[in-house]
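Reader: I am new to this structure and would like to be led through it step by step. Could we take the whole chain before turning to its details?

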Amino acid sequence: VSTQSTWGPFPVGYKGRDFNIKISKDKIAVGEKGKPAISDGKLFAPVDTEDSTWTLDKEKGEKFVTVTLFKKDQMQWWKCVVQGDPEINTQKVQPENSKLSDLDGETRKTVEKMMYDQRQKAAGLPTSKEQQQQNMMKKFMAQHPEMDFSQVKMG
(Lines give C-alpha, C1' and ligand atoms only; values in the text may rest on other atoms or scores of the structure.)
Protein backbone atom coordinates (compact mmCIF):
# COMPACT_ATOMS: atom_id res chain seq x y z
CA VAL A 1 0.00 0.00 0.00
CA SER A 2 2.73 2.42 0.95
CA THR A 3 6.50 2.64 1.05
CA GLN A 4 8.64 4.33 3.66
CA SER A 5 12.12 5.77 3.54
CA THR A 6 14.13 7.20 6.41
CA TRP A 7 17.01 9.70 6.32
CA GLY A 8 19.25 10.74 9.19
CA PRO A 9 20.46 11.00 11.79
CA PHE A 10 20.13 14.72 12.38
CA PRO A 11 20.99 16.72 15.52
CA VAL A 12 18.38 16.41 18.26
CA GLY A 13 17.71 20.18 18.19
CA TYR A 14 16.36 20.08 14.63
CA LYS A 15 12.71 20.96 14.03
CA GLY A 16 10.47 20.36 11.02
CA ARG A 17 11.11 23.91 9.81
CA ASP A 18 14.81 23.02 9.38
CA PHE A 19 13.97 20.75 6.43
CA ASN A 20 12.97 21.27 2.84
CA ILE A 21 10.87 18.29 1.73
CA LYS A 22 8.89 18.26 -1.50
CA ILE A 23 6.73 15.35 -2.68
CA SER A 24 5.09 15.46 -6.11
CA LYS A 25 3.35 12.63 -7.95
CA ASP A 26 6.61 11.44 -9.53
CA LYS A 27 9.46 13.27 -7.74
CA ILE A 28 10.82 13.69 -4.23
CA ALA A 29 13.37 16.02 -2.69
CA VAL A 30 14.56 15.66 0.92
CA GLY A 31 17.12 17.91 2.54
CA GLU A 32 18.07 20.44 5.15
CA LYS A 33 17.17 24.04 4.35
CA GLY A 34 20.08 25.90 2.80
CA LYS A 35 22.00 22.70 1.94
CA PRO A 36 22.02 20.41 -1.10
CA ALA A 37 19.28 17.75 -1.01
CA ILE A 38 20.15 14.39 0.52
CA SER A 39 17.81 12.74 -1.96
CA ASP A 40 16.39 14.39 -5.07
CA GLY A 41 15.01 12.50 -8.01
CA LYS A 42 12.29 10.76 -9.93
CA LEU A 43 10.26 8.23 -7.94
CA PHE A 44 10.12 4.60 -9.08
CA ALA A 45 6.40 5.06 -9.82
CA PRO A 46 3.68 7.70 -9.23
CA VAL A 47 2.35 8.36 -5.72
CA ASP A 48 -0.80 9.90 -4.26
CA THR A 49 0.40 13.28 -2.99
CA GLU A 50 -2.78 13.86 -0.95
CA ASP A 51 -1.97 10.96 1.39
CA SER A 52 1.85 10.94 1.27
CA THR A 53 3.46 12.54 4.33
CA TRP A 54 6.70 13.03 6.20
CA THR A 55 7.51 13.11 9.91
CA LEU A 56 10.48 14.02 12.06
CA ASP A 57 11.04 11.20 14.56
CA LYS A 58 13.32 11.01 17.58
CA GLU A 59 15.10 7.78 18.46
CA LYS A 60 17.97 7.26 20.90
CA GLY A 61 18.81 10.96 21.08
CA GLU A 62 18.85 11.49 17.31
CA LYS A 63 16.27 12.68 14.80
CA PHE A 64 15.27 11.02 11.56
CA VAL A 65 13.05 12.12 8.66
CA THR A 66 10.58 9.40 7.67
CA VAL A 67 8.70 9.82 4.39
CA THR A 68 5.60 7.68 3.77
CA LEU A 69 4.56 7.51 0.13
CA PHE A 70 1.22 6.05 -0.93
CA LYS A 71 1.58 4.35 -4.29
CA LYS A 72 -0.94 5.00 -7.07
CA ASP A 73 -0.59 1.33 -8.12
CA GLN A 74 -0.86 -0.43 -4.79
CA MET A 75 -0.20 -3.84 -6.35
CA GLN A 76 3.25 -2.86 -7.63
CA TRP A 77 6.42 -3.73 -5.71
CA TRP A 78 9.07 -1.05 -5.97
CA LYS A 79 12.72 -2.02 -6.62
CA CYS A 80 13.80 1.34 -5.14
CA VAL A 81 12.20 4.58 -3.99
CA VAL A 82 14.17 7.00 -6.16
CA GLN A 83 15.25 5.90 -9.62
CA GLY A 84 19.01 5.47 -9.71
CA ASP A 85 19.22 4.39 -6.05
CA PRO A 86 20.40 0.85 -5.31
CA GLU A 87 17.70 -1.65 -6.25
CA ILE A 88 16.45 -4.67 -4.34
CA ASN A 89 15.43 -7.90 -6.04
CA THR A 90 11.70 -7.99 -5.29
CA GLN A 91 11.58 -11.62 -6.45
CA LYS A 92 13.61 -12.61 -3.39
CA VAL A 93 11.39 -10.78 -0.89
CA GLN A 94 9.58 -13.25 1.34
CA PRO A 95 6.54 -11.54 2.83
CA GLU A 96 5.58 -12.67 6.31
CA ASN A 97 2.64 -15.02 6.46
CA SER A 98 -0.11 -13.51 8.53
CA LYS A 99 -3.78 -14.07 9.06
CA LEU A 100 -6.35 -11.40 8.29
CA SER A 101 -7.58 -11.79 11.86
CA ASP A 102 -4.13 -10.61 13.10
CA LEU A 103 -4.58 -7.22 11.40
CA ASP A 104 -6.22 -4.14 12.87
CA GLY A 105 -9.58 -3.18 11.39
CA GLU A 106 -8.38 -0.51 8.97
CA THR A 107 -5.46 -2.61 7.66
CA ARG A 108 -7.69 -5.68 7.32
CA LYS A 109 -10.23 -3.65 5.34
CA THR A 110 -7.48 -2.41 3.00
CA VAL A 111 -6.01 -5.90 2.50
CA GLU A 112 -9.44 -7.43 1.84
CA LYS A 113 -10.17 -4.69 -0.73
CA MET A 114 -6.81 -5.31 -2.43
CA MET A 115 -7.48 -9.07 -2.53
CA TYR A 116 -10.97 -8.47 -3.97
CA ASP A 117 -9.60 -6.09 -6.61
CA GLN A 118 -6.86 -8.57 -7.52
CA ARG A 119 -9.42 -11.38 -8.00
CA GLN A 120 -11.67 -9.07 -10.04
CA LYS A 121 -8.78 -7.97 -12.26
CA ALA A 122 -7.66 -11.57 -12.82
CA ALA A 123 -11.22 -12.51 -13.84
CA GLY A 124 -11.43 -9.55 -16.23
CA LEU A 125 -14.07 -7.88 -14.06
CA PRO A 126 -14.19 -4.29 -12.75
CA THR A 127 -12.30 -3.45 -9.55
CA SER A 128 -14.10 -1.81 -6.62
CA LYS A 129 -12.98 1.64 -7.83
CA GLU A 130 -14.19 0.91 -11.37
CA GLN A 131 -17.53 -0.36 -9.97
CA GLN A 132 -17.86 2.84 -7.94
CA GLN A 133 -17.18 4.94 -11.05
CA GLN A 134 -19.73 2.94 -13.06
CA ASN A 135 -22.35 3.40 -10.35
CA MET A 136 -21.70 7.14 -10.21
CA MET A 137 -22.05 7.35 -13.98
CA LYS A 138 -25.32 5.34 -13.94
CA LYS A 139 -26.68 7.63 -11.22
CA PHE A 140 -25.66 10.72 -13.20
CA MET A 141 -27.28 9.29 -16.34
CA ALA A 142 -30.52 8.62 -14.43
CA GLN A 143 -30.53 12.19 -13.08
CA HIS A 144 -30.01 13.65 -16.57
CA PRO A 145 -32.25 11.78 -19.04
CA GLU A 146 -32.17 14.82 -21.33
CA MET A 147 -28.48 14.20 -22.12
CA ASP A 148 -27.25 11.86 -24.87
CA PHE A 149 -25.01 9.15 -23.40
CA SER A 150 -24.96 6.92 -26.50
CA GLN A 151 -21.25 7.50 -27.06
CA VAL A 152 -20.23 6.76 -23.44
CA LYS A 153 -18.00 3.73 -22.99
CA MET A 154 -17.88 2.26 -19.49
CA GLY A 155 -15.62 -0.48 -18.23
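Author: What follows is a set of questions and answers on a predicted model.

Reader: In what order do the elements of the chain run from the N terminus on?

Author: The secondary structure of this chain comes to 2 helices and 6 strands. Read from the N terminus on, the strands precede the helices, and the order is β-β-β-β-β-β-α-α.

Reader: What radius of gyration does the chain have, set beside that of a compact globule of 155 residues?

Author: The C-alpha atoms fill a box of roughly 65 × 40 × 30 Å when it is taken along the principal axes, and buried residues make up 25% of the 155 residues in the chain. For a compact globule of 155 residues one would expect a radius of gyration near 15 Å, but the chain has 21 Å.

Reader: How far apart are the end C-alpha atoms of helix α1, and what span should its 18 residues have?

Author: Helix α1 covers residues 105–122, and the expected span follows from a rise of 1.5 Å a residue. On that basis the 18 residues should span 26 Å, which agrees with the distance between the end C-alpha atoms, namely 26 Å.

Reader: Which residues of α1 are buried, and which element do they pack against?

Author: Buried here means under 20% relative accessible area, and in α1 the buried residues are Met114, Asp117 and Gln120. Seen down the axis of α1, these buried residues fall within an arc of 130°, so they line one face of the helix. On the other side of α1, Gly105 and Ala122 are exposed. The buried residues, Met114, Asp117 and Gln120, pack against α2 (128–143).

Reader: What is found at the start of α1, and which residue follows the helix?

Author: At the start of α1, a side-chain oxygen of Asp104 comes to within 3.1 Å of the backbone nitrogen of Glu106. After α1 comes a residue whose phi is positive, near 75°, and this residue is Gly124.

Reader: Are the rings of Phe10 and Tyr14 stacked or edge-to-face?

Author: The structure holds 6 aromatic pairs. In the pair of Phe10 and Tyr14 the ring centres are 6.0 Å apart and the planes stand at 20°, and since planes under 30 degrees apart count as stacked, the pair is stacked.

Reader: What kind of aromatic pair do Phe140 and Phe149 form, and how do the two residues count by accessibility?

Author: Phe149 is buried, with a relative accessible area of 16%, whereas Phe140 has 34% relative accessibility and therefore counts as partly exposed. Their rings lie 6.0 Å apart centre to centre, with 85° between the planes, and the pair is edge-to-face.

Reader: Which residues do ring pairs link into a cluster?

Author: One member of this cluster is Phe10, which counts as buried because its relative accessibility is 7%. The full cluster linked by ring pairs is Phe10, Tyr14, Phe19 and Trp54.

Reader: Is Lys72 buried or exposed, and which residues is Lys72 in contact with beyond its neighbours within four places in sequence?

Author: Lys72 lies in the loop between β6 (62–71) and α1, and at 55% relative accessibility it counts as exposed. The C-alpha atom of Lys72 is separated by 18 Å from that of Lys109, a residue 37 residues apart from it along the chain. Leaving aside its neighbours within four places in sequence, Lys72 is in contact with Pro46, Val47 and Asp48.

How values were computed. Residues are numbered from 1 along each chain as its sequence is written. This is a predicted model: local features need pLDDT of at least 70, side-chain atom pairs count only at pLDDT 80 or more; totals for chains, interfaces and linings use all residues. Side-chain values use heavy atoms; hydrogens and water are left out. Helices (H or I, at least four residues) and strands (E, at least two) are DSSP runs, numbered from the N terminus. The expected span of a helix is 1.5 Å times one less than its number of residues. Buried means under 20% relative accessible area, exposed over 50%, partly exposed in between (1.4 Å probe, protein chains only). The arc is that of the directions from the helix axis to the C-beta atoms. Contact means heavy atoms within 4.5 Å. A polar contact is a pair of N or O atoms within 3.5 Å; within protein, one must be able to donate a hydrogen and the other to accept it, and residues adjacent in sequence count only if both atoms are side-chain atoms. Rings of Phe, Tyr and Trp (its six-membered ring) pair if their centres lie within 6.5 Å; planes under 30 degrees apart count as stacked, over 60 as edge-to-face and the rest as tilted. The radius of gyration is taken over C-alpha atoms; the globule rule is 2.2 Å times the number of residues to the power 0.38.
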